[in-house]
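Hi,

Here is the structure I promised to pass on to you. Have a look at it first, and then read my notes below with the viewer open.

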Amino acid sequence: MERTAYSLADIAARFGGQVMGDAATLVQQIGTLEKAGKGQIAFLANAKYRKQLEASQASAVILSKADADTTELPRIVCDNPYSYFAKLSAFLNPLRDYAPGIHATAVIGKDARISPQAHIGPQVTVGDGASIGAGTVVMAGCVIGENATLGENTRLYPRVTVYHDCVVGNHVIVHSGAVIGADGFGMAWDDGRWLKIPQIGRVLIGDHVEIGANTTIDRGALDDTVIEEDVKLDNQIQVAHNVHIGAHTAIAGCVGIAGSTTIGKYCRIGGSAGIIGHLKIADHVEIASFTLIGKSITEAGSYAGIYPFSKNDEWRNNAVHLRHLGELVKRVKTLEKEIESLKGEKT
Amino acid sequence: MERTAYSLADIAARFGGQVMGDAATLVQQIGTLEKAGKGQIAFLANAKYRKQLEASQASAVILSKADADTTELPRIVCDNPYSYFAKLSAFLNPLRDYAPGIHATAVIGKDARISPQAHIGPQVTVGDGASIGAGTVVMAGCVIGENATLGENTRLYPRVTVYHDCVVGNHVIVHSGAVIGADGFGMAWDDGRWLKIPQIGRVLIGDHVEIGANTTIDRGALDDTVIEEDVKLDNQIQVAHNVHIGAHTAIAGCVGIAGSTTIGKYCRIGGSAGIIGHLKIADHVEIASFTLIGKSITEAGSYAGIYPFSKNDEWRNNAVHLRHLGELVKRVKTLEKEIESLKGEKT
Amino acid sequence: MERTAYSLADIAARFGGQVMGDAATLVQQIGTLEKAGKGQIAFLANAKYRKQLEASQASAVILSKADADTTELPRIVCDNPYSYFAKLSAFLNPLRDYAPGIHATAVIGKDARISPQAHIGPQVTVGDGASIGAGTVVMAGCVIGENATLGENTRLYPRVTVYHDCVVGNHVIVHSGAVIGADGFGMAWDDGRWLKIPQIGRVLIGDHVEIGANTTIDRGALDDTVIEEDVKLDNQIQVAHNVHIGAHTAIAGCVGIAGSTTIGKYCRIGGSAGIIGHLKIADHVEIASFTLIGKSITEAGSYAGIYPFSKNDEWRNNAVHLRHLGELVKRVKTLEKEIESLKGEKT
């Protein structure tokens with residue numbers, strides 16, 4: 001792919017910021033401080049990478065006012081180098097275009113309404129009555145269930161499943177292998193065996209949501225499972241039935257969220273964390289990786305519960321005492337009383 | 001979809017229970033106490049939702065004898081409202097019918113035996129010698145390996161893979177993205193690199209099993225991996241080679257079970273729990289979410305091992321001492337001796 | 001499938017080792033000590049299975065010099081019975097052959113270069129400009145992105161996705177549902193919402209790598225994500241963008257590795273473990289199951305951080321004190337001072 005080069009002056013005209021050094025410097029791609037070379041622009045968003053800036057072979061760099069004088073490279077000075085970089089990179093690396101139309105191998109159900117501006121790739125199956133909006137791209141091997149709806153300018157990478165009746169908004173990205181709308185895990189114990197409870201709710205995905213590879217979001221048991229706008233879900237996340245995730249919340253890989261839990265807006269949840277069912281998590285809550293949240297959180301803030309690792313022998317020597325921690329606390333209490341008593345005798 | 005309405009009298013005639021209030025009340029769908037409206041019947045299976053019952057707009061409600069007088073709504077009184085609800089919901093929400101036949105885009109191998117009463121959807125691949133029973137539905141994009149067997153009235157949602165030689169029973173449900181029969185993780189260290197060990201066992205899935213989206217069940221190394229009847233597996237569970245799961249056991253999402261472990265019947269395992277390899281877990285064992293089982297469990301009961309979460313600062317201030325817990329125990333022991341000695345001196 | 005039988009003499013001639021007992025004994029398949037019968041050869045690689053050897057019905061057995069006299073069964077004595085077994089099993093159980101050629105239902109993009117010795121299965125999609133080497137098998141429903149490269153003698157089981165531009169080496173095995181090259185989880189916070197950061201790096205997979213079912217490996221943000229040769233990844237592992245995994249490292253199921261972390265060579269990581277982002281893990285490090293690694297490890301060795309499980313009540317009684325562990329340590333320190341002071345008063 002041939003790339004167009006832009007001068008720092010061009011870039012600043014488009015995205016703002018102040019150019020220092022040669023404004024005619026041409027760049028055509030983004031790179032890291034460490035690996036960028038001629039024609040690439042790097043960025044410094046974190047003071048701990050300043051050393052890399054010194055040695056950088058980049059043609060130019062994006063940085064904050066505070067760092068403006070730490071280099072002599074041609075540079076763009078701005079308020080938020082990281083989001084500046086994001087915008088510039090999106091400009092230099094537009095998403096691949098997919099021509100509108102339905103591939104000859106796709107199978108389209110009765111009464112499906114597919115915009116003439118949508119792209120339906122090879123081996124896709126679209127169920128009866130499904131609806132797909134303009135600008136939406138459905139790549140190879142996806143399966144869209146009966147009466148499901150995909151909005152506009154949404155992009156499904158290969159092999160995504162959307163079950164019947166689910167609704168995916170506009171400008172949504174879903175990565176390969178994700179499953180939206182499988183049955184929630186609901187059953188009743190009856191006479192020595194399990195009875196399946198029909199899962200008749202849907203999944204509703206808001207606008208600008210991104211869903212990672214092999215993530216699963218179950219349909220609701222009776223009401224719907226809801227993912228609000230601008231939620232970002234990494235890979236291999238499990239969202240159970242009737243969960244509700246508030247707008248702008250970001251969740252890292254391998255997190256599991258049990259049924260009927262509500263997560264607030266603007267939350268950030270670390271990798272492999274978990275939240276049990278039927279809880280409420282307030283807005284602006286941060287949860288550390290590997291932490292299980294076992295009761296509702298009503299107050300914004302950062303929460304953690306991680307067993308600290310150590311060398312195996314050390315861990316073993318310490319962990320063995322966890323099973324007697326309650327007893328240890330009692331022994332300390334006894335000691336405290338005895339000391340008090342000894343001190344008492346003396347006075 | 002137009003729905004049929006049933007009177008409470010009709011329903012009680014079919015499913016038992018005692019009608020109180022107007023037995024001619026018509027309902028056509030199930031709903032939650034909170035959201036059900038006209039034409040919907042809700043249920044009360046847990047005393048903590050009694051407040052919701054007071055405010056419910058449902059046309060009728062299912063509840064236990066103990067709660068029979070807590071509302072004036074038309075109602076069905078029964079022994080187990082939750083399983084009553086499950087049965088009624090299954091009646092009101094039958095699974096979608098799929099017409100028998102093989103879709104024109106499906107690819108069927110040599111000597112495959114497919115019942116004329118089976119439904120094979122678009123883009124499905126069925127390997128040589130595979131066998132698919134009557135009433136079984138294989139949805140779009142599934143891949144059934146060579147000589148694999150699917151029983152009767154089994155339902156595979158889109159994009160399920162069943163590897164060669166594996167056996168899936170009757171009335172089984174498998175959700176999208178599940179993989180049955182991939183190679184177990186077996187290799188020998190040899191001369192500075194890994195040697196793959198062929199995985200020549202199969203996976204055997206009993207009747208009435210349900211398998212969640214993106215769950216993986218590996219084939220055995222030499223003997224078979226076995227899932228007994230009525231086992232319920234949620235999404236994103238990993239079952240390693242030669243695991244054996246006993247009948248009626250239910251396992252929540254994201255659990256990992258390592259190789260050659262045997263799990264008893266009637267167990268319940270919480271989300272993101274783990275069990276290491278070569279263990280035996282007794283019948284009727286409950287394992288909490290996020291708990292790693294590191295040795296065999298011979299006695300029925302509930303087991304847990306979860307690090308309690310707290311505010312990040314608190315967690316940090318406490319967790320740092322875990323690396324010195326053994327030392328703390330020694331310090332307490334020393335104190336106890338010194339106190340004894342001080343007390344001794346006194347007498 | 002009819003099997004060929006080989007005498008112990010034949011086998012020793014091919015794979016080495018010393019035959020004891022009747023060298024004309026014929027075997028055609030491998031089995032476990034417990035279940036092998038006539039015509040099967042078992043192996044003893046771990047002294048704790050000696051009891052099973054006594055009762056074994058196998059026709060022959062593979063064992064080490066140390067165990068050579070513990071049975072009278074015909075046997076092959078060798079240095080490493082486990083790798084001997086692996087080699088013999090691979091010989092007796094060759095991978096299924098797939099005839100070269102492109103299935104009529106596969107969709108092949110413009111300028112794709114597919115070796116005439118490659119097998120492209122049903123419903124496969126190969127993107128424009130992709131390249132697939134000789135002896136490589138791409139099974140049903142796989143999707144190979146634009147300009148992606150698969151080397152020689154590589155095997156993709158059904159429904160694998162390789163995104164555009166990614167590179168998979170030679171003799172690689174990828175199991176069903178794996179996703180290679182989805183976007184890393186990168187975004188910048190900007191003006192009250194998330195901005196997506198284009199993920200323009202690739203995934204590079206070395207030779208002889210095996211990747212388990214539903215494992216996901218994200219493409220790099222700017223530079224590439226790298227999996228070196230002979231790395232073995234089990235099922236449902238999540239490898240984030242710009243991770244680098246050194247040669248011969250083996251990782252068990254459900255592990256999550258966050259962005260930009262480098263893992264050394266010859267490491268072994270247990271199931272459901274995690275490693276946070278931007279760390280360096282030395283060569284020859286072992287990490288226990290369920291352990292979160294929260295800072296870099298510079299020294300080879302075994303590391304763990306697992307909460308020990310116990311009966312639920314016990315766990316609860318002990319765990320409650322973890323939230324006050326810092327306070328407990330202070331109380332012990334106070335006691336120590338008071339004891340010192342009491343002892344001091346006495347002298």
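Start where two chains share a strand pairing: β40 of chain A (residues 310–311) lies antiparallel to β39(C), and two bridges join them. One bridge to click on is the one between Ser310(A) and Ala304(C), the latter sitting in β39(C). Keep in mind throughout that this is a predicted model.

That pairing belongs to a wider contact between the two chains. Chain C puts 58 residues into it, and chain A puts in 60. Which elements of chain C supply at least two residues each to the side that touches chain A? They are the strands β22 (187–190), β23 (193–196), β38 (292–293) and β39 (301–304), plus the helices α4 (312–319) and α5 (325–346). The largest share is from α5(C), with six residues. Sorted by type, this side of chain C has 28 nonpolar residues, 20 polar ones and ten charged ones.

Now turn to the other neighbour of chain C. Its contact with chain B takes 60 residues from chain C and 58 from chain B. On the side of chain C that touches chain B, the elements giving two or more residues are α3 (81–92), β40 (310–311), α4 and α5. Once again α5(C) gives the largest share, here eight residues. The split on this side is 26 nonpolar, 24 polar and ten charged.

There is a strand pairing across this contact too. β39 of chain B (residues 301–304) and β40(C) run antiparallel, joined by two bridges. Look for Tyr303(B), which stands opposite Lys311(C) in β40(C).

Zoom out a little and you'll see that this pairing is part of an open sheet of twelve strands, with mixed pairing. Its order is β8(B)-β11(B)-β14(B)-β17(B)-β20(B)-β25(B)-β28(B)-β31(B)-β34(B)-β37(B)-β39(B)-β40(C). Which strands are at the edges? One is β8 (101–102) of chain B and the other is β40 of chain C, and each of them pairs on one side only. For a parallel pairing inside the sheet, try β14 (residues 137–138) and β17 (residues 155–156) of chain B, which two bridges join. Val138(B) has Leu156(B) in β17(B) as its bridge partner.

How do the copies relate to each other? Chain C can be superposed on chain A by a rotation of 120 degrees with 0.0 Å of shift along the axis, and the RMSD is 0.1 Å. The two copies are therefore related as by a three-fold rotation axis. Superposing chain C on chain B also takes a rotation of 120 degrees with 0.0 Å of shift, again at an RMSD of 0.1 Å.

Next, chain A by itself. It has five helices and 40 strands. Its radius of gyration is 27 Å, well over the 20 Å that the globule rule gives for 347 residues, so chain A is more spread out than a compact globule. Along the principal axes, its C-alpha atoms fill a box of roughly 90 × 70 × 35 Å. The chain is divided into domain 1 (6–92), domain 2 (101–303) and domain 3 (312–346). From the centre of domain 2 to the centre of domain 3 in chain A is 49 Å.

A nice hairpin to look at is the one formed by β22(A) and β23(A), which has two residues between its strands. Asp191(A), in the turn, has a positive phi of about 55 degrees. Four bridges join the two antiparallel strands, and Met187(A) stands opposite Lys196(A) in β23(A).

Chain C also has an open sheet of five strands, in the order β2-β7-β6-β5-β4, with mixed pairing. Why is one side of β2 (18–20) and of β4 (29–30) left without a neighbour in the sheet? Both stand at the edges and each has a single partner strand, so there is no neighbour on the other side. β2(C) pairs antiparallel with β7 (residues 75–78) of chain C over three bridges, and Val19(C) has Ile76(C) as its bridge partner there.

Last, the confidence scores. Chain A averages a pLDDT of 96, and 99% of its residues score at least 70. For the complex, the predictor gives an ipTM of 0.96 and a pTM of 0.97.

Cheers

Technical notes:
Residues are numbered from 1 along each chain as its sequence is written. Chains are lettered from A and ligands numbered from 1 in the order in which they are written. This is a predicted model: local features need pLDDT of at least 70, side-chain atom pairs count only at pLDDT 80 or more; totals for chains, interfaces and linings use all residues. Two residues are in contact if their C-beta atoms, placed from the backbone, lie within 7 Å. Ala, Val, Leu, Ile, Met, Phe, Trp, Tyr, Cys and Pro count as nonpolar, Asp, Glu, Lys and Arg as charged, and the others, Gly among them, as polar. Two strands pair if DSSP finds at least two bridges between them. Copies are superposed by least squares on the C-alpha atoms of residues with pLDDT of at least 70 in both. Domain bounds come from an automatic or database domain assignment. pLDDT is the predictor's confidence in each residue, from 0 to 100. The radius of gyration is taken over C-alpha atoms; the globule rule is 2.2 Å times the number of residues to the power 0.38.
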